[in-house]
Amino acid sequence: MSPVPSGSPSSDRQLPPVIALRNITRTYKMGDSEVHALAGVSLVIERGEFVAIMGASGSGKSTMMNIIGCLDVPSSGRYWLDGVDVRGLDETRLARVRNRKIGFVFQSFNLIPRTSALANIELPMLYAGVHAKERRARALAALDLVGLSSRAGHMPSEMSGGQQQRVAVARALVTNPALILADEPTGNLDTHASDEVMNVFESLNRAGRTVVLITHEPDIAERTKRTVRLRDGLIISDENTTRGPRRAEMGAAR
Amino acid sequence: MTILLYMTTALRGLSANKLRSALTVLGMLIGVGAVILLVAVGNGSSIAVQSKIKALGTNTITITNRGRFGRGPATTGTQSQAATITAADIKTMSDPNQAPDILSVSPVLSASVTASYQDASTTVTVTATSPTYLPAEDYTVEAGRSIGSSDVASSAQVAVIGQTLLSNLYPAGANPIGTDIFVTEGKNEAQFQVIGVLAAKGSTTGVDPNNIAIIPYTTAEGLLTGYTNNFKQIIVEAKNSKDVNAAEAEASDILASANQTTVANLPFFVINEQSLLSTSASTTSTFTVLLGAVAAISLLVGGIGIMNIMLVTVTERTREIGIRKAIGAPRGAILGQFLTEAVLLSLFGGLAGVAVGLIGSRFKIVGVKPVATPTSVVEAFVVAVAVGVFFGFYPANRAASLRPVDALRYE
Ligand SMILES: Nc1ncnc2c1ncn2[C@@H]1O[C@H](COP(=O)(O)OP(=O)(O)OP(=O)(O)O)[C@@H](O)[C@H]1O
Ligand SMILES: [Mg+2]
């Protein structure tokens, strides 16, 4: 059996899928009882995809996203990120993976307080050991990309929610990660601000970046190319948002 | 991440809670300041005691003949004759060939007498001795001249007087030099010309060293009843402070062979100023160590304060730690960041403590002028920073060990 599950048809067969989950479970022990946040999830996401993950509250979306983002480890199952089995990585390597391969955007923005927008965007490059000059240049470019050049010196507390989230997106993309993960990025934003953030994600995806986001809003999901639905820790549907059902076999397999 | 970046991040963290940081720094400040100040007080009092003993003359050995009152502890009944110190012995000791480490030997014969000048009269200690007694006892002549060897040779009726005697006999401002004073002991009376005045000298024993008249020892014959060719006391001065023990051995050997006995059997009481000095130095250094130890406890308390505040900080900023880890901060970067904060607290406390300790030691404390030593300052500072590292490590390590998901989910 091949170590990497074969995925959907890919334009480049040589490249492994960005994300390959196989029978991932995540169990939380709550005293005597156990909560199965993920009950066996298999999912392959290829390079350049734009995926929305939907599902009711408590269905395991964030749990799955945290595992994909190497913030958490599964209780069982295997996960290949860019063809690398993350189970074999130690703490230092995992930190490097989070730093170089993944850009994470959170519902609650999660900027570092009392730190300017520019400094927040520079932070991942700081941990990557990028030189100060290049750091500044790339941070300014990223800020420009999200349309916030004029807010470089602003503290998080001096910006609107939409602006903070766009700074967070800039911070996620500044290291040129293969994968951008966003857990309800528009959950705390109004329609206009959501629109601006989604515009950034769309242009990133057009530029070839893989984007995976969690959302409760159908109109946000509609702007992606593929929608994966979870219920009680299992994938119940996986379809192409624009081109009708896809991967029906996965749901059928269960 | 460079040190500078750790510093700026840490400073930002500390300035977010200025009062809390300031109080923690204050804790360290008190610890470091107390160590420096108390060690300085201990050191100052030790220096004061030692300089008092030094005023006696550190190169001197005082040999007192106790023969009249009994033998020394080592002597037994088999020895029937008391030992003596004679003018011949003094001559031998003064010979550099026989006693290379001895600079001078001064016989001393003291008596309490009545001195008078015109209508005034007072009780004074007359010390009949040789010219070498003055430098050996750290007496300096302030005006006029000292007694010389020619005065000894000619039994000149001359005296050098101390400040107390001067003020007791002469009206203020009077020049005593060239005047004659009368000295009476019992039936004996003699007239002495004042040739010099001594500078005031500090006292260690409670006896006023300035109520004195120094005369050549040869002059004492016929005046002082105690005078025989058997000196009750001699003061031996070593050439060098490191030769004091050798000089003591030479003097003892000469006296032992002159008295045809062994050193152990000499009924002489020997006071070696240097051994007094080292005894006092060891007691005062014990005192200093004790003071330092008390102060070190407050340094420890300051360190616990740092640990406490850092634990609070790490808990408060759990979410921030989660964010940093999510964007790829390695464990070492988180550890470094919080350790830097802890060390900065102790560094500021240490610097401020050094300043306070140094300023504080410029004032007299309970009658002691503190003397801050560079080593105590450096040590207190280094220990403070080490305390920061030590007590900062646990909280910083706790931060670095947090799992990203748990940290991010923390409310
Ligand atoms: N740390 C935890 N300890 C115990 N149970 C947990 C923990 N985290 C999540 N769970 C449980 O796992 C399940 C899935 O949680 P998860 O956060 O993935 O849901 P979600 O789909 O993201 O929901 P939402 O849309 O509300 O964010 C829930 O039942 C939750 O109670
Ligand atoms: Mg969630």
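**Exercise 1. Place Leu26(B) in its helix and classify its exposure.**

Solution. In this predicted model, Leu26(B) belongs to helix H2 of chain B, which spans residues 18-54; helices (H or I, at least four residues) and strands (E, at least two) are DSSP runs, numbered from the N terminus. Next, the class follows from the cut-offs: buried means under 20% relative accessible area, exposed over 50%, and partly exposed in between, with a 1.4 Å probe and protein chains only. Because its relative accessibility is 40%, Leu26(B) counts as partly exposed. Finally, Leu26(B) contributes, together with Leu19(B), Leu23(B) and Ile30(B), to a nonpolar surface patch of about 410 Å². Such patches are made of residues with over 30% relative accessible area and no salt bridge, with like charges joined within 9 Å and nonpolar side chains (Val, Leu, Ile, Met, Phe, Trp, Tyr) within 5 Å; a salt bridge is a side-chain nitrogen of Lys or Arg within 4 Å of a carboxyl oxygen of Asp or Glu. Accessible areas come from the Shrake-Rupley method with a 1.4 Å probe, and for residues only the protein chains shown count as cover.

The conventions are these: residues are numbered from 1 along each chain as its sequence is written, and chains are lettered from A and ligands numbered from 1 in the order in which they are written. Local features need pLDDT of at least 70 and side-chain atom pairs count only at pLDDT 80 or more, whereas totals for chains, interfaces and linings use all residues, and side-chain values use heavy atoms, with hydrogens and water left out.

**Exercise 2. Trace the strand partners of E3(B).**

Solution. Two strands pair if DSSP finds at least two bridges between them. On one side, strand E2 (residues 102-117) of chain B runs antiparallel to strand E3 (residues 120-129) of chain B, joined by 10 bridges, and Val113(B) has Val124(B) as its bridge partner in E3(B). The hairpin of E2(B) and E3(B) has two residues between the strands, and Gln118(B) there takes a positive phi near 50°. E3(B) also pairs in the parallel sense with strand E8 (residues 212-216) of chain B, over five bridges, where Thr127(B) is matched with Ile214(B) in E8(B).

**Exercise 3. Describe the surroundings of Gly360(B).**

Solution. Gly360(B) lies in helix H10 (residues 331-360) of chain B and is buried, because its relative accessible area is 17%. Leaving aside residues up to four places away in sequence, Gly360(B) touches Leu37(B) and Ile365(B), where contact means heavy atoms within 4.5 Å. Its C-alpha lies 9.9 Å from that of Leu38(B), although 322 residues separate the two in sequence.
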